[in-house]
Amino acid sequence: SSYTLGVAGQSKKYYFSSLSVSSSSRLTVTGNVTLYVNGNFSFNSSSDLVLASDAKLTAYVTGTISVGSSGKVNAANDKKPANFFLWSSAISSNNSNYKITLTSSSDVYAVILAPQAAINISSSVDLYGAVRGKYINIASSADFHYDETLKNMAVGNPSGYEIVSWREIN
């Protein structure tokens, strides 16, 4: 099944109690879309979240966020992480109380901002963009690729901080 949110050249807002796309389904975003999800947000079973060229998506999620089973998030067209901001207000009680899970050969191009959540990135995931969480676990052949074009964006970057170095972990 295919679904579309937004209208090219327009700004739209949508409110959901939860959002789940699975079983080879596709959700296409056109225009400038803001999602408010007062619950869980998931893309699984070879599902796709596609941003049309020049589309932007900002999602605010209160529940858990999961991408797995070869889910593709913003992995078509422009593949610009700056076009998809994923905000989470979930709170983790410890470093293994994962509120955001990216697993199972998924590709994700996004800026993930979850300052109070534990985040698990594992099992051959490719994450392009930026991630901010209370705890972050990257394991099992997962790859994180920081998008340097994001360093000058003020959104999600606490004032007074800047990236001065990083290192790759093999």
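In this predicted model, Leu102 makes a good starting point. Leaving aside neighbours within four places in sequence, Leu102 is in contact with Val67, Val108, Ile112, Asn120, Ile121, Ser122, Val125 and Leu127. Leu102 also turns up among the residues with the most contacts inside the largest nonpolar core, along with Leu35, Phe41, Leu49 and Phe84. That core counts 33 residues. The biggest share of it comes from strand 13, which spans residues 107–121 and gives 7 residues. There is a second core too, separate from that one and made up of 5 residues, including Phe85, Leu113, Ala130 and Leu150.

Next up is Asn74. This residue sits in the loop between strand 10 (72–73) and strand 11 (84–88). Is Asn74 buried or exposed? With a relative accessible area of 2%, Asn74 is buried, because anything under 20% counts as such. As for company, not counting residues up to four places away in sequence, Asn74 touches Leu49, Leu51, Lys79, Lys80, Pro81, Phe84 and Tyr109. Two of these names, Leu49 and Phe84, have already come up among the residues with the most contacts inside the largest nonpolar core. Lys80 deserves a second look as well: its backbone oxygen lies 3.0 Å from a polar atom of the Asn74 side chain.

Then there are the aromatic rings. The structure holds 5 aromatic pairs. One of them joins Tyr15 and Tyr36, whose ring centres are 4.8 Å apart and whose planes meet at 10°, so this pair is stacked. Tyr15 belongs to strand 2 (residues 11–16) and Tyr36 to strand 5 (residues 32–37), so the pair ties together parts that are 21 residues apart in sequence. The two partners are not equally covered up: Tyr15 is exposed, at 60% relative accessible area, whereas Tyr36 is partly exposed, at 28%.

Tyr36 has another ring partner. Together with Tyr60 it forms a stacked aromatic pair, with 5.4 Å from centre to centre and 15° between the planes. Since Tyr36 lies in strand 5 and Tyr60 in strand 8 (residues 56–61), this pair ties together parts that are 24 residues apart in sequence. Tyr60 is partly exposed, with a relative accessible area of 36%.

Which residues do the ring pairs link into a cluster? The members are Tyr15, Tyr36, Tyr60 and Trp87.

How values were computed
Residues are numbered from 1 along each chain as its sequence is written. This is a predicted model: local features need pLDDT of at least 70, side-chain atom pairs count only at pLDDT 80 or more; totals for chains, interfaces and linings use all residues. Side-chain values use heavy atoms; hydrogens and water are left out. Helices (H or I, at least four residues) and strands (E, at least two) are DSSP runs, numbered from the N terminus. Buried means under 20% relative accessible area, exposed over 50%, partly exposed in between (1.4 Å probe, protein chains only). A polar contact is a pair of N or O atoms within 3.5 Å; within protein, one must be able to donate a hydrogen and the other to accept it, and residues adjacent in sequence count only if both atoms are side-chain atoms. Contact means heavy atoms within 4.5 Å. Rings of Phe, Tyr and Trp (its six-membered ring) pair if their centres lie within 6.5 Å; planes under 30 degrees apart count as stacked, over 60 as edge-to-face and the rest as tilted. A nonpolar core is a set of buried Ala, Val, Leu, Ile, Met, Phe, Trp, Tyr and Cys residues joined through side-chain atoms within 4.5 Å.
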